[in-house]
Amino acid sequence: MVEKIEIKEPNNFDEKINDIVKNYSGKNIYILIYGDWCPDCKNADPIINHYIEKKTNSVLVKASVGERPEYVNSPYKHHSRIRLRKIPTLIKWSANQVNDKHLVENECEDEKLLTEFFSD
């Protein structure tokens, strides 16, 4: 069973994700950054959910960028580990930034890429 956690706004993201990493120690942490208004996000969501449900020992953190006007200056764009350029963005959060894996925009709908992304 995959745990699912929502982060509705980017305020204090680091504090929230550090708590999640601490509370779910030893589990794979995946972060999906999305917007409710984003058509690509809506298309990718069921596909990502299909693949993540096959993962055991995992947590999916869904982090909203907020409303469309807020996306323009989203703190996720300036975050040292995320550097958000487009949504949806799916990240496998690692113990260190060097090993983080990302899928961006239409890559989040690509079944071959998702299979590889979730394979480890």
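1. Let's begin with K62, a lysine worth finding first in this predicted model. At 14% relative accessibility, K62 counts as buried, because the cut-off for that label is under 20%. Its salt-bridge partner is D45, with the closest N and O atoms 2.9 Å apart. The two come from distant parts of the chain: K62 belongs to strand 3 (residues 58-64) and D45 to helix 2 (residues 39-52), 17 residues apart. D45 itself is partly exposed, at 22% relative accessible area.

2. Which side chain does E105 meet in a salt bridge? The partner is K86, at 3.6 Å from N to O. This pair, too, links distant parts of the chain, 19 residues apart. E105 lies in the loop between strand 5 (101-104) and helix 4 (111-117), while K86 lies in the loop between helix 3 (68-71) and strand 4 (89-93). Both residues are partly exposed, E105 with a relative accessible area of 25% and K86 with 41%.

3. Now have a look at K8 and E6. Their salt bridge has its closest N and O atoms 3.8 Å apart. Is K8 buried or exposed? K8 counts as exposed, at 59% relative accessibility, because that value passes the 50% cut-off. E6 has 41% relative accessibility and counts as partly exposed.

4. A word on the wider picture: side chains of opposite charge can pair when their charged atoms come close. How many salt bridges does the count come to? The count is 6, and the pairs described here, including K62 with D45, are a good place to start exploring.

Notes
Residues numbered from 1 in each chain as written. Predicted model: local features only at pLDDT ≥ 70, side-chain atom pairs only at ≥ 80, totals over all residues. Heavy atoms only, no water. Salt bridge = Lys/Arg side-chain N within 4 Å of Asp/Glu carboxyl O. Buried < 20%, exposed > 50% of the residue type's maximum accessible area, 1.4 Å probe, protein only. Helix = DSSP H or I, 4+ residues; strand = E, 2+ residues; numbered from the N terminus.
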